[in-house]
Amino acid sequence: MSLLDVQELSVVFTQRGREDVKAVDGVSFRVGAGEIVGVVGESGCGKSVTALALMGLLPEKGVVVKGRAEFDGMDLLALDQRTMRDLRGRELGMIFQDPLSSLNPVVPIGKQVTEVLTRHRGMANDVATKEAELLLDRVGIPDPRRRLKEYPHQLSGGMRQRALIAMAVACKPRVLIADEPTTALDVTIQAQILELLKELVHEDGTALIMITHDLGVVAGLCDTINVLYAGKVVESAPRKPLFATPNHPYTRGLLGSIPRLDSVRGEPLNPIPGSVRDLLPWAEGCAFAPRCERVIETCIEATPELLGGPHKYRCVNPVLGQSAGPEHLLEQE
Amino acid sequence: MTQLGKRKLEKLERLAELSAINAGERGESLWREAFKRLRRNPTAIIGAGILLLFILIAIIGPFFVPYDEKDTHWIGQVSARDNIIPGPSAQHWLGIDHNGRDEFSRMIVGAQNTLFVGVVATAIGLIFGCLLGGLSGAAFGLGGKRGRQLDNVLMRFVDMLLAMPSLLLAVSIVTILGPSLPTVIIAVGVIVIPTFARLLRGSMIAQASAEYVVAATSLGVSRRKIALTHILPNSAAPVIVQATLTLATAIIEVAGLSFLGLGNPDPSVPEWGTMLNDALQVFEFAPRLAVFPALGIIITALGFTLLGEAMREALDPKLRK
């Protein structure tokens with residue numbers, strides 16, 4: 001039984017005098033309690049917009065959100081702002097990419113953490129302060145009592161992200177959305193933060209939606225992975241099969257473009273040619289076709305469907321068989 | 001221990017000292033950091049020095065003035081027919097004015113009145129401007145469609161105030177309410193309202209789309225709380241700078257209104273602008289009576305301006321190292 005069931009989510013940005021932009025185009029996925037689902041893709045593929053749409057944080061003006069996101073018998077996308085405000089922070093938590101700009105620079109950390117506790121758990125200020133101390137301790141911030149009085153710029157990047165996580169999990173939300181939580185951090189800190197997220201998910205039974213462009217992150221963390229391209233899911237599979245046998249050329253390209261330690265020195269890296277801008281509208285065939293090396297006639301005739309069993313892919317000329325890609329990523333766990 | 005070892009040890013100790021100093025500085029807010037930058041800025045020191053002197057004189061001075069500032073005791077020494085007004089002497093440091101009063105005492109008490117007028121006028125502008133601008137900015141940034149409508153109404157009102165030339169507006173207000181000291185204060189306060197309102201609104205709207213506001217929203221924090229505890233403190237810096245600069249212009253504006261004869265109708269109460277206007281009658285043979293209050297106004301305004309500019313620099317995140 002899934003906790004959050006996203007069906008055919010689409011987000012269109014409209015602006016007068018310009019063509020509509022389909023940022024997210026019929027994305028569906030499910031997350032169960034204690035499960036980690038990855039949403040992977042390049043910049044501009046609609047990952048963050050998906051997250052913001054689920055949280056109801058997109059601006060009202062010029063944005064059309066369609067589809068359903070069933071949570072606890074409610075459709076998150078159809079709820080009014082008042083109910084959403086009550087759910088946010090209590091049932092739905094979100095962790096942002098840049099911890100520095102996501103923390104208020106002129107308010108001490110402690111006050112920012114207690115704010116959530118007083119809002120949703122109705123705690124008095126002194127009780128909330130004690131709880132905040134425990135929370136900071138739980139996310140691994142040393143000397144939490146002192147840190148409560150400090151301002152965001154006095155904390156290191158890793159500690160800031162921990163503080164943000166503490167705020168997001170303060171009320172033990174049932175669904176947690178992490179929008180590239182490790183992008184702004186260096187690698188050693190990344191590993192710590194991922195480990196922390198994993199712990200929190202296991203302890204509280206939280207459903208985690210992990211949004212990232214880093215395949216290394218999903219390899220070590222996620223149960224199921226959705227690869228997004230130009231607003232559509234192009235491949236969706238449990239972790240192991242996805243890394244072992246990526247069927248969509250795009251997934252394969254993503255995996256192939258990771259530099260490998262065991263490749264010969266001087267050997268060129270394998271980027272995917274072009275950028276997300278070189279896309280075909282999905283209505284006129286596969287959006288990835290202009291960049292795909294396996295492109296055939298049928299690719300530009302009709303929109304391919306997302307087909308298959310647990311391992312689904314959206315391609316008419318898929319790569320079948322074993323991956324040349326970096327299975328070693330899986331060994332990171 | 002070898003020479004090298006000793007030097008290494010010294011260096012380590014020095015490092016430990018430095019880090020101890022840094023550790024002692026923890027728990028500082030942006031404001032305190034700005035204050036630290038301010039202290040290193042010579043412009044700020046000069047401005048603050050001038051202002052400190054001015055405020056000290058204005059507050060403590062009147063208790064120590066040698067004579068009553070309204071006492072026309074020395075009128076016998078003034079001869080209107082021969083245009084004789086005694087200049088500075090040991091007894092009267094700045095001489096006697098054309099009504100036989102001690103000019104030094106009048107300048108000191110005048111400082112107090114001038115400061116009072118400037119501060120109250122600025123406070124009026126600051127309070128009402130911030131109420132208008134804060135409400136408007138919060139409504140525009142967080143209130144959705146209805147909020148934008150409210151903002152529109154409020155801002156058109158502010159635009160109306162802004163559209164009128166400030167001195168003309170002040171003169172109209174004084175003419176309607178009748179010249180008196182409170183009226184002048186209100187008039188000067190009203191003409192600075194739009195500046196504060198616009199400034200705070202703009203600053204708040206800029207902050208409303210900041211990422212930490214989205215983050216706070218994602219935690220379910222109420223809109224009122226976001227506006228008050230998140231957006232407002234981050235938008236306050238330009239307003240505070242503007243308040244300091246406005247103190248300077250307020251004093252000048254008040255002096256200007258007094259000079260036009262729209263100030264306090266009782267000329268025996270010294271206020272630098274009124275004194276300046278009063279001295280005009282005898283300007284040809286006793287220019288010093290105009291020079292002293294004019295200098296007072298200029299130096300004070302300079303002090304406020306220097307400090308205000310230095311604060312602007314200290315609080316500007318782009319200029320921060």
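## A tour of chains A and B

Select A:Leu176 and A:Leu208: A:Leu208, in strand β8 of chain A, is the bridge partner of A:Leu176. Helices and strands here are DSSP runs, numbered from the N terminus, with H or I over at least four residues for a helix and E over at least two for a strand. The model is predicted, and local features need pLDDT of at least 70, side-chain atom pairs count only at pLDDT 80 or more, and totals for chains, interfaces and linings use all residues. Residues are numbered from 1 along each chain as its sequence is written, while chains are lettered from A and ligands numbered from 1 in the order in which they are written.

**Stop 1: the sheet of chain A**

Stay with β8(A) and add β7(A): the two pair in the parallel sense over five bridges. Two strands count as paired if DSSP finds at least two bridges between them. Next select strand β3 (residues 36-40) of chain A, which runs parallel to β8(A) and is joined to it by five bridges. A:Val39 is the residue opposite A:Ile211 of β8(A).

Now color β8(A), residues 207-212, by burial: six of its six residues are buried. A residue is buried if 20 or more other C-beta atoms lie within 10 Å of its own, exposed if 12 or fewer, and partly exposed in between, with C-beta atoms placed from the backbone. In a regular strand the side chains alternate between the two faces of the sheet. In β8(A), A:Ala207, A:Ile209 and A:Ile211 point one way, A:Leu208, A:Met210 and A:Thr212 point the other way, and all are buried.

Widen the selection to the whole open sheet of chain A, in which seven strands stand in the order β6-β7-β8-β3-β9-β10-β11, with mixed pairing. Its edge strands are β6 (92-95) and β11 (312-313), each of which pairs on one side only. At the β11 end, β10(A), residues 232-238, pairs with β11(A) in the antiparallel sense over two bridges. Pick A:Glu235 there and find A:Tyr313 of β11(A) opposite.

**Stop 2: helix α6 of chain A**

Select residues 157-169 of chain A. At 1.5 Å a residue, the 13 residues of this helix, α6(A), should span 18 Å, and the end C-alpha atoms are 18 Å apart, which agrees. The expected span is 1.5 Å times one less than the number of residues. Is this helix enclosed or open? Since 12 of its 13 residues are buried, α6(A) is largely enclosed by the rest of the structure. Among the buried residues are A:Arg160, A:Gln161 and A:Arg162. To see what surrounds them, show β6, α3, α4 (125-138), β7 (175-179) and α7 (187-204) of chain A, against which the buried residues of α6(A) pack.

**Stop 3: where the chains touch**

Show both chains. The contact takes 27 residues from chain A and 20 residues from chain B; two residues are in contact if their C-beta atoms, placed from the backbone, lie within 7 Å. On the chain A side, α2 (81-87) and α3 (109-120) are the elements that give two or more residues. Of the elements on that side, α3(A) gives the most, with four residues.

**Stop 4: chain B**

Hide chain A. Chain B has 11 helices and zero strands, and 43% of its 321 residues count as buried.

Select α5(B), residues 144-163: its 20 residues reach 28 Å from first C-alpha to last, close to the 28 Å expected. B:Asp151, B:Leu154, B:Met155 and B:Val158 are buried in this helix. Looking down the axis of α5(B), these buried residues fall within an arc of 105°, so they line one face of the helix. That arc is taken over the directions from the helix axis to the C-beta atoms. The exposed residues on the other side include B:Lys145, B:Arg146 and B:Val153. Add α4 (103-142) and α7 (181-208) of chain B to see what the buried residues of α5(B) pack against.

Move to α8(B), residues 211-218, and α9(B), residues 223-259, whose axes come within 11 Å and cross at roughly 145°. The axes are lines fitted to C-alpha atoms, for helices over the stretch in contact, and angles run from 0 to 180 degrees between N-to-C directions. To display the contact, select B:Tyr212, B:Val213, B:Ala216 and B:Thr217 of α8(B) with B:Ile226, B:His230 and B:Ile231 of α9(B).

End at B:Pro42, in helix α3 (residues 42-64) of chain B. B:Pro42 is exposed, with 9 other C-beta atoms within 10 Å. B:Leu306 is 264 residues from B:Pro42 in sequence, yet their C-alpha atoms are 9.7 Å apart in space.
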